[in-house]
Amino acid sequence: MKIPYRFVMILSVIVLMCSLCACAGGMIAHDHPYSSDPQKAEQIGSLTQQNGIPTEPQTQALPAFAPEEDRPMLAGDGYYRHRVRMPVALQDMKCPEITREDFDMLLDAVRDAAKNNRRADFHTACYEVQQAIRWIETAYVIASNENAADPMDEETAERMQTLEQDNIDFSNLFYGVMHEISCGQNAQILRWEFDSNTVAFFESFDPTQADQLSELETQKTELVIRYEQLISEDEPAYDEIAELYVRLVEICREEAEMRGYSSYASYAYEAEFLRDYTPEDARKIWKTAKEDFAPLLNKYIYQVMRAAGKAEKRFAYDGSDQAVLQALACGAGGMSPEIRDACEYLLQYGLYDIAYSEEKLNQGYTVWMSTYEVPFIFNCPCGEHYDFCDMFHEFGHYTASFYGDCESDFDLSDFDLSELQSQGMEIMFFEFYDEIFGEENAAAFRAETLCDLIDSVVEGALYDEFQQKVFEEENLTADRVSELYLQTCKDYGINYYPGLEDAWMNVMHNFESPFYYISYAISAIPALELFVRQQEDPAEAMDIYLRISAMSGIDYYLTDALKKTGLANMMASPCGDVLAEKIEQTGALDVH
């Protein structure tokens, strides 16, 4: 189990936490009004009332394809901790504008309460500041969603960048004030409000370094926004993208050095992704990916693709988001009452954007709306059955977040566990493929999804090894990046084809969150073990999955979840060869 507190330099990961698959919220003082308290559930903060934000938003009519209440289920209740939530529909989420003048007034109230040692006033003032930061963060997330829907909209991109900078700047201002208080005669007031580790952060906060890091974050954001625009073109300018990436690597290296790390890989593994293993440890995953999973994938992939292609032609999917939501409700309604309820909330309040649009970024993610304490799903569909798999994957993130704890600036979630919660959900939907896709198509689509998960092991390892090589390279050039990529692909059994040297630039994670991809690999392995368990006993597999889904990434590492549920830990005892053999023995890949 994680120790109660693990400090990281939070400001560098605000965007990452908000825009991928896990959740980030504002810092929480003691006795903060959580929405799990029924008496406090309607407290949105005085800024809400001052700016006329509705406290009782209008809701959408429940879709006709909501999960059935009385159908048989694989599991019962009691896995998750339930919380009271505000009835907030996506279209009702409005954020007040908070200016620097507004924020300075809130900080003055904090200073005044600390100076006069008024604990109650200090508590209120800290809450108001934190709530203001949450509003800015939520506004940034909304703008980020809009940017993902149309990255070529320069006005939206500029607004998103401004809000991100406000989030960082205002947070730094607050931490600076807390640092001043920690050095004053009434420093003890901090200990009445915050835990000892948070106070230690305030005491050690360096405003000068924070400003320098903020400047680096601004440069990285500008490069990422430019990348998203370039990659969205009909014919991406790969030469320019490659040069942009080299500059991004230089900035990341500078950031790691400033933070006191020997390499950016070490910094990313420890501080951004909070892993309990090192970049060197990841070589175990590289090895099993090459020796066990890549051969299995290469043996069946073309056979599976042919079968899935035939099934795709038979499957009457019109590309509509309604068909995907119907399938989601079908599977969720057969898993457990709690999964059904999470799905019902998602559908009722429209917390998704999965409609097709030519302008959308080619990505999918689940994001946390911190002020409203709800998750939101974004996806760019492709018009094939992959759209369903993407939604099932994101619903795994959504459900874990929906029932998860309120998170604070100092309680970041384990990404590896989060990815098992999502990839495991993909496996759980296998039980409903006959009903969703039809019996004549289900086996082929299961096999294709299974290949995708095996490929997650291979690609997750490949991109981690590739990026470790890139970030270690002295005098890096754009041509050298592509050379390293081709070399790494060859090591994983990928044959060259025209354009392969540019393929790495189509993976947004390489730009937006370097070194994230290994999380897909290390979490796909236990997800595949869940598949094997599912063939033996679907109810037992569902039980294991729900126990994992209910584990908070704040409190547990992936390795904790594996130990508690009896799934294998590749880092402790490599078992890729055994697992690959068991997958093949199920016969699920042998489709025609």
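User: Which helices do the buried residues of α22 pack against?

Analyst: In this predicted model, the buried residues of α22 pack against α15 (415–428), α20 and α21 (538–549). Helix α22 itself spans residues 558–565 and is mostly covered, with six of its eight residues buried; these are Leu558, Thr559, Asp560, Ala561, Leu562 and Thr565. The general idea is that an α-helix has 3.6 residues a turn, so residues three or four places apart point the same way. Here, Leu558, Ala561 and Leu562 are among the buried positions, and the helix is followed by Gly566, whose phi is positive, near 80°.

User: How many residues of helix α10 are buried, and which are they?

Analyst: Seven of the nine residues of α10 (residues 264–272) are buried, and this helix too is described as mostly covered. The buried set consists of Tyr264, Ala265, Tyr267, Ala268, Tyr269, Ala271 and Glu272. Just after α10, Leu274 takes a positive phi of about 50°.

User: What lies in the loop between α10 and α11, and is Ala282 buried or exposed there?

Analyst: Ala282 has its place in that loop, and because its relative accessibility is 0%, Ala282 counts as buried. Leaving aside neighbours within four places in sequence, Ala282 is in contact with Tyr269, Asp464, Gln468, Ile518 and Met571. Of these partners, Tyr269 is one of the buried residues of α10. A further way to read such a position is by C-alpha separation: Ala282 and Met570 are 288 residues apart along the chain, yet their C-alpha atoms are separated by 10.0 Å.

User: How should I read a crossing of two helices, and at what angle do α11 and α20 cross?

Analyst: It helps to take the distance between the axes, the angle, the handedness and the residues in turn. The axes of α11 (residues 283–314) and α20 (residues 518–536) come within 11 Å and cross at roughly 55°, and the two helices are therefore oblique to each other. The crossing in which α11 passes α20 is left-handed. On the α11 side Ile285, Trp286, Thr288 and Phe293 take part, and they meet Ile518, Ala521, Ile522, Ile525 and Leu528 of α20; by class, this contact has eight nonpolar, one polar and no charged residues.

User: How does the contact of α15 with α17 divide by class, and how are those helices oriented?

Analyst: Beginning with orientation, the axes of α15 and α17 (residues 439–472) come within 10 Å and cross at roughly 160°, so these two helices are roughly antiparallel to each other. The crossing of α15 past α17 is left-handed. In the contact, Gln423, Glu426 and Ile427 of α15 meet Thr449, Leu453 and Ser456 of α17, and by class these residues divide into two nonpolar, three polar and one charged.

User: Where is Glu529, and why does it count as buried?

Analyst: Glu529 is placed in helix α20, and it counts as buried because its relative accessibility is 15%, where the cut-off for buried is under 20%. Apart from neighbours within four places in sequence, Glu529 is in contact with Gly566, Leu567, Ala568 and Leu579; Gly566 is the residue with positive phi that follows α22. The C-alpha atoms of Glu529 and Gly424, which are 105 residues apart along the chain, are separated by 9.5 Å.

User: In what order do the strands of the sheet stand, and which are at the edges?

Analyst: The three strands form an open sheet in the order β1-β3-β2, with mixed pairing. The edges are taken by β1 (352–353) and β2 (364–369), each with a single partner strand, so one side of each is left without a neighbour in the sheet. Six bridges join β2 to β3 (residues 374–379), and these two strands run antiparallel; Gly364 stands opposite Asn379 in β3. Helix α14 (residues 386–403) lies across β2 and β3, running at about 165° to β3.

User: What do the totals for the protein chain say about helices, strands and burial?

Analyst: The protein chain has 23 helices and three strands, and 60% of its 592 residues count as buried. Among contacts between residues at least 6 apart in sequence, 80% join residues at least 24 apart.

How values were computed. Residues numbered from 1 in each chain as written. Predicted model: local features only at pLDDT ≥ 70, side-chain atom pairs only at ≥ 80, totals over all residues. Heavy atoms only, no water. Axes fitted to C-alpha atoms, helices over the stretch in contact; angles between N-to-C directions. Helix = DSSP H or I, 4+ residues; strand = E, 2+ residues; numbered from the N terminus. Parallel < 35°, antiparallel > 145°, perpendicular 65-115°, else oblique. Left-handed = near helix turned anticlockwise from the far one by under 90°. Contact = heavy atoms within 4.5 Å. Nonpolar A, V, L, I, M, F, W, Y, C, P; charged D, E, K, R; others polar. Buried < 20%, exposed > 50% of the residue type's maximum accessible area, 1.4 Å probe, protein only. Pairing = 2+ DSSP bridges.
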